[in-house]
Amino acid sequence: MKSVHTRSQERILNLLKTLKQGISAQDIYVELRNRNQSMGLATVYRSLEALKLEGLVQMRTLANGEALYSLVQQDKHHLTCLQCGISIPIYQCPVHELEVQLQTSHNFKIFYHTLEFFGLCNQCQIAQAAGE
């Protein structure tokens, strides 16, 4: 059974379908305004929260605290530099089997998972070693 979405939720889903990477709620607000589909920022947040609880949208919090939203397509894994903020995707999933086991053993419906490692990228390591 397909769930019914509000017009605001539909507009956000349609926008997210056109994007390759995550986007902040503030940028969703601006982008919808640019498309003459404007809605209040509070409505954007409410719609994202509802879509998140349905398992359609995932949220990823960056090292600076900013939340990025995207459609749930595949699980996301990253190496994130605490110095410059670069985020390097990891394409193999080391915990996929664990997810399957947890769904069964805990009778828990998992929509997606994230895996993120924090540290320093090569450029920042070089800069740090040079004493910059």
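**Exercise 1. Place Asn 36 and describe its backbone and exposure.**

Asn 36 lies in the loop between H2 and H3. The model is a predicted one. Start with the backbone. Asn 36 has a phi near 55°, which is positive in a residue other than glycine. Now place it against the helix: Asn 36 follows H2. Finish with the surface. The relative accessible area of Asn 36 is 73%. Exposed means over 50%, so Asn 36 is exposed.

**Exercise 2. Find a second non-glycine residue with positive phi, and classify its accessibility.**

Take Asn 107. Its phi is positive, about 50°, although Asn 107 is not a glycine. Locate it next: Asn 107 sits in the loop between helix H4 (96-106) and E5. Then read the accessibility. Asn 107 counts as exposed because its relative accessibility is 74%.

**Exercise 3. Which residues of H2 are buried, and how are they arranged around the axis?**
The question concerns Ala 25, Ile 28 and Leu 32, which are buried in H2.

Step one is the arc. These residues cover an arc of only 50° around the axis, so they are on the same side of H2. Step two is the general rule. An α-helix has 3.6 residues a turn, so residues three or four places apart point the same way. Step three is the cover. The buried residues of H2 are covered by elements that include H1, helix H3 (41-53) and strand E2 (67-71).

**Exercise 4. Describe the packing of H2 against H3.**

Two quantities are needed. Packed helices are described by the angle between their axes and the distance between the axes. For H2 and H3 the angle is about 120°, and the axes are 9 Å apart. Classify the angle. Roughly perpendicular covers 65 to 115 degrees, and roughly antiparallel needs over 145. H2 and H3 are therefore oblique to each other. The handedness comes next: the crossing of H2 and H3 is right-handed. Last, list the contact. H2 supplies Ala 25, Gln 26, Ile 28 and Tyr 29, while H3 supplies Leu 41, Val 44, Tyr 45 and Leu 48.

**Exercise 5. Work out the strand order of the open sheet and its edges.**

The open sheet has 3 strands in the order E4-E3-E5, and its pairing is mixed. Identify the edges. Strand E4 (87-89) and E5 each pair on one side only, which makes them the edge strands. Add the twist, which averages 25° from one strand to the next. Now look at one pair. Strand E3 (residues 76-81) and E4 run antiparallel and are joined by 3 bridges. One detail completes the picture: Leu 79 has Ile 88 in E4 as its bridge partner.

**Exercise 6. Is Phe 117 buried, partly exposed or exposed, and what does it touch?**
The accessibility of Phe 117 settles the class.

Phe 117 belongs to strand E5 (residues 114-119). Its relative accessibility is 43%, so Phe 117 counts as partly exposed. Leave out residues up to four places away in sequence: Phe 117 then touches His 78, Leu 79, Thr 80 and Ile 90.

**Exercise 7. Contrast Gln 9 with Gln 21.**

Begin with location. Gln 9 is in helix H1 (residues 7-17), whereas Gln 21 is in the loop between H1 and helix H2 (25-34). Turn to accessibility. Gln 9 counts as buried because its relative accessibility is 10%. Gln 21 counts as exposed because its value is 59%. Then check the contacts of Gln 9. Not counting residues up to four places away in sequence, Gln 9 touches Val 4, Ser 47, Ala 50 and Leu 51.

How values were computed. Residues are numbered from 1 along each chain as its sequence is written. This is a predicted model: local features need pLDDT of at least 70, side-chain atom pairs count only at pLDDT 80 or more; totals for chains, interfaces and linings use all residues. Side-chain values use heavy atoms; hydrogens and water are left out. Helices (H or I, at least four residues) and strands (E, at least two) are DSSP runs, numbered from the N terminus. Buried means under 20% relative accessible area, exposed over 50%, partly exposed in between (1.4 Å probe, protein chains only). Contact means heavy atoms within 4.5 Å. Two strands pair if DSSP finds at least two bridges between them. Axes are lines fitted to C-alpha atoms, for helices over the stretch in contact, and angles run from 0 to 180 degrees between N-to-C directions. The arc is that of the directions from the helix axis to the C-beta atoms. Angles under 35 degrees count as roughly parallel, over 145 as roughly antiparallel, 65 to 115 as roughly perpendicular and the rest as oblique. A crossing is left-handed if the near helix is turned anticlockwise from the far one by less than a right angle, and right-handed if clockwise.
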